[in-house]
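Please open the model in a viewer and keep the sequence panel beside it. The tour below proceeds by selections, each followed by what is to be found there.

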Amino acid sequence: MNWTLEVVVVPVSDVDRAKAFYADQLGFAVDHDTVVGAGARVVQLTPPGSGCSIVIGEGVLPDMPPGSLKGLQLVVPDLRRARAQLVERGVAVSEIQVVGENPRPVPDPLDNVGFVFFTDPDGNAWAVQQISSRA
């Protein structure tokens, strides 16, 4: 039996601002934006190629302080290109950082150990890691 992680709730203070950041600046697809009732809204967004989505909203999600989610991680095959896209879209993203050492030789020295970091408008913290192929 497979157990797949499909949705992560990201706490935000302004749903429209967060939706614009994730959709327009990060390029996440807007799967749905549903008003459930008065003061209750759910927006689901999915990173390109991902099997896991994020959900933002108000009135129906778990009560978490906006910006309190840290350590979310995206994986890309080309970190240099991904960082360039983020910069082009106006995301304040760190320089490429190498964290640790590869346990075995790899074609690109950034594989497994190359990262960039950014936060959303509320301070939820994201990392982007390069993994060009999996063993």
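Display the surface of the protein chain: its accessible area comes to about 7700 Å², and carbon and sulfur atoms contribute 54% of it. The model is a predicted one. Of the 135 residues in the protein chain, 41% count as buried. Reduced to its C-alpha trace, the protein chain spans about 55 × 40 × 25 Å along its principal axes.

Change to a cartoon. The protein chain contains two helices and eight strands, and their order along the sequence is β-α-β-β-β-β-α-β-β-β. Among contacts in the protein chain with a separation of 6 or more, residues 24 or more positions apart account for 52%.

**The open sheet**

Select strands 1 to 4. These four strands form an open sheet in the order 1-4-3-2, with mixed pairing. Which strands stand at the edges? They are strand 1 (7-9) and strand 2; each has a single partner strand, so one side of each is left without a neighbour in the sheet. On average, and with direction ignored, neighbouring strands of this sheet are turned by 20 degrees against each other.

Begin at strand 1 and cross the sheet pair by pair.

- Strand 1 and strand 4 run parallel and are joined by three bridges. To locate this pairing, select Val8 and its bridge partner in strand 4, Ile54.
- Strand 3 and strand 4 pair in the antiparallel sense, over five bridges. Here Val43 stands opposite Ile56 of strand 4.
- Strand 2 and strand 3 are also antiparallel, with seven bridges between them. Val35 has Arg41 of strand 3 as its bridge partner.

Stay with strand 4 (53-58) for a moment. Five of its six residues are buried, so strand 4 is largely enclosed by the rest of the structure. Then follow the chain back to the turn that precedes it: strand 3 and strand 4 form a hairpin with six residues between them, and Gly49 in this turn has a positive phi of about 80 degrees.

**Helix 1 across the sheet**

Select residues 15-25, which make up helix 1. Helix 1 lies across strand 2, strand 3 and strand 4, and it runs at about 10 degrees to strand 3. Which of its residues are buried? Val15, Ala18, Phe21, Tyr22 and Ala23 are. The cover over these buried residues includes strand 2 (29-37), strand 3 (40-46) and strand 4, together with strand 7 (114-119) and strand 8 (125-130).

Inspect both ends of the helix. At the N-terminal end, Asp14 acts as the cap, with a side-chain oxygen 3.1 Å from the backbone nitrogen of Asp16. Beyond the other end, helix 1 is followed by Gly27, whose phi is positive, near 85 degrees.

**Aromatic rings**

Show the aromatic side chains. The structure holds seven aromatic pairs. One of them joins Phe115 and Phe117: the ring centres are 6.0 Å apart and the planes stand at 10 degrees, so the pair is stacked. How do its two members differ in accessibility? Phe115 is buried, at a relative accessible area of 11%, whereas Phe117 counts as partly exposed, at 31%.

Next, select Phe21, Tyr22, Phe28, Phe118 and Trp126, which ring pairs link into a cluster. Phe21 and Tyr22 have already been met among the buried residues of helix 1.

**Two single residues**

Centre the view on Gln129, in strand 8. Is it buried or exposed? With a relative accessibility of 10%, Gln129 counts as buried. Setting aside residues up to four places away in sequence, Gln129 touches Gln73, Leu74, Val75, Val76, Asn112, Gly114 and Phe115. Phe115 is the buried member of the stacked pair visited above.

Finish at Leu5, in the segment before strand 1. Leu5 is exposed, with a relative accessible area of 59%. Which residues does Leu5 contact, leaving aside its neighbours within four places in sequence? They are Gly51 and Cys52. Leu5 and Cys52 are 47 residues apart along the chain, yet their C-alpha atoms are separated by 6.2 Å.

Technical notes. Residues are numbered from 1 along each chain as its sequence is written. This is a predicted model: local features need pLDDT of at least 70, side-chain atom pairs count only at pLDDT 80 or more; totals for chains, interfaces and linings use all residues. Side-chain values use heavy atoms; hydrogens and water are left out. Buried means under 20% relative accessible area, exposed over 50%, partly exposed in between (1.4 Å probe, protein chains only). Contact means heavy atoms within 4.5 Å. A polar contact is a pair of N or O atoms within 3.5 Å; within protein, one must be able to donate a hydrogen and the other to accept it, and residues adjacent in sequence count only if both atoms are side-chain atoms. Two strands pair if DSSP finds at least two bridges between them. Axes are lines fitted to C-alpha atoms, for helices over the stretch in contact, and angles run from 0 to 180 degrees between N-to-C directions. Rings of Phe, Tyr and Trp (its six-membered ring) pair if their centres lie within 6.5 Å; planes under 30 degrees apart count as stacked, over 60 as edge-to-face and the rest as tilted. Accessible areas come from the Shrake-Rupley method with a 1.4 Å probe; for residues, only the protein chains shown count as cover.
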